[in-house]
Amino acid sequence: MNTKAKASKAQLAEQFRSFIDPDYVITDDETLKPYECDGLAMYREMPMLVVLPETVEQVQRVMRICHDNDVPVVARGAGTGLCAGAMPHKEGVVLSMAKFNQILKVDPLARTARLQPGVRNLAISEEAAQYGLYYGPDPSSQIACTIGGNVAENSGGVHCLKYGLTVHNLMSVQLVTAEGELVTLGSAGLDSAGMDLLALFTGSEGLLGVVTEVTVKLLPKPEVARVIMAGFDNIENAGDAVGSVISEGIIPGGLEMMDSHAIVAAEDFVHAGYPRDAKALLLCEVDGTEEEVDEHIAAVEGLFQRLGATSIRTSQSEEERALLWKGRKAAFPAVGRISPDYYCMDGTIPRRYLAHVLLEMEKMSDHYGLRVANVFHAGDGNLHPLILFDANVPGEFEKTEAFGSSILELCVKVGGCITGEHGVGVEKIRQMAVQFNDEELQQFHDVKAAFDPTGILNPGKGVPTLRFCQEYRSIDHKQPPQPSQPEPTDAAHG
């Protein structure tokens with residue numbers, strides 16, 4: 001039993017100011033306010049205080065003090081997360097890594113980059129461009145999100161189908177444990193002996209340690225990259241086309257899908273030339289050598305024509321390619337222009353069920369009386385439904401949450417999972433009880449205890465208690481009726 005008396009807010013602040021610039025130990029409510037939430041602003045909590053260290057040694061000292069005083073710690077990057085994973089603990093410290101923003105080294109021969117965790121995702125590719133290299137994972141928030149946050153959530157992006165998620169592009173991670181110990185997972189080699197703790201740590205949402213340095217792989221820029229935009233007059237044909245591209249043996253650099261709400265919103269915002277009358281839009285990018293790209297472009301155009309595409313356009317220049325992708329990258333803010341608020345979900349399903357799940361979401365939309373716009377990574381089945389609502393209408397957010405729960409539970413029902421790249425955080429912690437049984441959840445708790453025995457790192461996020469799960473499973477969630485799982489069609493292979 002822990003009998004230690006916790007230090008007060010004033011006592012902690014005094015200890016931190018002894019080794020951190022006092023201007024970067026924040027205790028007043030006005031300056032704390034921006035830290036109360038991440039990108040999912042519907043969940044908020046004011047922290048006790050915020051610290052912004054600038055050296056690894058300072059991070060270690062912060063963690064030791066918090067560990068000794070049994071004070072919760074929530075590590076924070078740019079705050080662009082969408083699962084309330086960086087929401088503070090009201091009795092805890094927010095450990096902001098914003099001052100760790102340096103690119104330490106780019107090695108063009110080894111094709112690697114050593115980075116502090118506060119380096120923006122896009123800045124990596126901008127720095128590597130002088131060597132003809134770039135960093136593969138490219139979340140839509142890449143202009144702002146940081147590599148430390150990408151590691152915490154195992155972020156992907158529009159090119160993750162071919163080039164992988166963050167976990168596939170890491171060499172090593174340096175982290176500070178809950179006790180303040182400095183540890184390195186991974187190495188400069190292609191593989192490391194022993195258990196793959198680097199993969200275990202990636203996507204752990206700040207529950208296992210605080211990232212202080214990241215080494216990533218860099219990729220050579222493809223010789224040629226072109227994107228095909230295809231409009232369809234129904235969702236079924238577009239969904240079938242996604243699986244058919246993969247079954248042809250073509251792995252696109254990116255394969256994205258948008259529905260009619262997202263198409264119109266993005267077109268009004270960016271003016272990329274999207275077909276406004278289409279019910280669904282596919283963006284399929286192929287890259288490689290000139291000969292390879294020409295062959296794949298012809299094959300994909302022919303496939304889309306056979307599957308009923310109502311319009312097909314292929315980029316003829318780098319500027320046109322960038323414009324077509326600009327609409328997709330700007331889809332989230334574009335949808336924000338047509339609704340007071342939206343709730344971005346993140347479930348993943350087998351590709352063969354894309355059409356089925358999208359049609360079921362239309363039924364749910366009618367049931368809940370809320371519009372939903374879809375823009376997502378179709379190639380790997382990572383859905384991002386945007387539920388449109390107005391937080392100023394009493395009860396509408398609660399209805400939105402119920403709608404989101406129904407979507408996630410449908411994803412699990414067809415063989416998918418509740419998250420692809422946004423994480424669990426607070427947002428999806430209830431649905432963990434749907435995807436995992438008690439034995440599996442106990443394994444998560446055991447891993448957490450091995451890294452963080454006292455449970456001070458990001459408590460209350462990611463992994464629910466077993467008692468909570470049993471209570472949640474016993475509730476009648478009153479979801480709209482859902483048909484049994486469909487049989488996969490020949491045209492859509494997972």
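These legends walk through several close-up views of the structure above.

This is a predicted model, in which local features need pLDDT of at least 70 and side-chain atom pairs count only at pLDDT 80 or more, while totals for chains, interfaces and linings use all residues. Residues are numbered from 1 along each chain as its sequence is written, and side-chain values use heavy atoms, with hydrogens and water left out.

**View 1. Helix H1 has a buried face and an exposed one.**
Helices here are DSSP runs of H or I with at least four residues, strands are runs of E with at least two, and both are numbered from the N terminus. Buried means under 20% relative accessible area, exposed means over 50%, and partly exposed is in between (1.4 Å probe, protein chains only). Helix H1 covers residues 9-17, and Leu12, Ala13 and Phe16 are buried in it. Looking down the axis of H1, you would find its buried residues within an arc of 100 degrees, so they line one face of the helix. The arc is that of the directions from the helix axis to the C-beta atoms. On the face of H1 turned away from the buried side sit the exposed residues Ala10 and Glu14.

**View 2. Helix H11 keeps its buried residues on the same side.**
H11 runs through residues 318-329, which makes 12 residues. From first C-alpha to last, H11 reaches 16 Å, close to the 16 Å expected at 1.5 Å a residue. That expected span is 1.5 Å times one less than the number of residues in the helix. Glu320, Arg321, Leu324, Trp325, Gly327 and Arg328 are buried in H11. These residues cover an arc of only 150 degrees around the axis, which puts them on the same side of H11. Take Trp325 as one of them: its relative accessible area is 6%. Trp325 and Leu49 are 276 residues apart in sequence, and their C-alpha atoms are 40 Å apart in space.

**View 3. Four strands line up in an open sheet.**
Two strands pair if DSSP finds at least two bridges between them. The order in this sheet is E1-E2-E4-E3, with mixed pairing. Strand E1 (25-26) and strand E3 (73-76) stand at the edges with a single partner strand each, so one side of each has no neighbour in the sheet. E3 and strand E4 (residues 93-96) run parallel and are joined by 4 bridges. Look for Arg76, which stands opposite Ser96 in E4. The loop between E3 and E4 holds Met87, which is buried at a relative accessible area of 14%. Met87 and Ala75 are 12 residues apart along the chain, with 9.5 Å separating their C-alpha atoms.

**View 4. Strands E5 and E6 make a hairpin.**
E5 (residues 103-107) and E6 (residues 112-115) run antiparallel, with 4 bridges joining them. Lys105 has Arg114 as its bridge partner in E6. Between the two strands are 4 residues. Arg111, in the turn, has a positive phi of about 60 degrees.

**View 5. Aromatic rings meet in pairs.**
Rings of Phe, Tyr and Trp (its six-membered ring) pair if their centres lie within 6.5 Å; planes under 30 degrees apart count as stacked, over 60 as edge-to-face and the rest as tilted. The count comes to 9 aromatic pairs. In one of them, the ring centres of Phe16 and Phe19 are 6.4 Å apart and the planes stand at 90 degrees, so the pair is edge-to-face. Both Phe16 and Phe19 are buried. Phe232 and Phe304 also form an edge-to-face pair, at 5.9 Å centre to centre and 85 degrees between the planes. Phe232 lies in strand E12 (residues 224-232) and Phe304 in helix H10 (residues 290-306), so this pair ties together parts that are 72 residues apart in sequence. Phe232 is buried at 0% relative accessibility, and Phe304 is buried with a relative accessible area of 0%. Ring pairs also link Tyr43, Tyr343, Phe389 and Phe397 into a cluster.

**View 6. A lysine sits over a tyrosine ring.**
Lys99 lies over the face of Tyr24, at 3.6 Å from the ring centre. A charge sits over a ring if NZ of Lys or CZ of Arg is within 6 Å of the ring centre and within 35 degrees of the ring normal.

**View 7. Cysteines without disulfides.**
A disulfide is a pair of cysteine sulfur atoms within 2.5 Å, and the count by this rule comes to 0. Cys37 is in no disulfide, and the nearest cysteine sulfur, that of Cys83, is 12 Å away. Cys37 is buried, with a relative accessible area of 12%. The sulfur of Cys284 is 14 Å from the closest cysteine sulfur, in Cys160, which is too far for a bond. Cys284 is buried too, at a relative accessible area of 0%.
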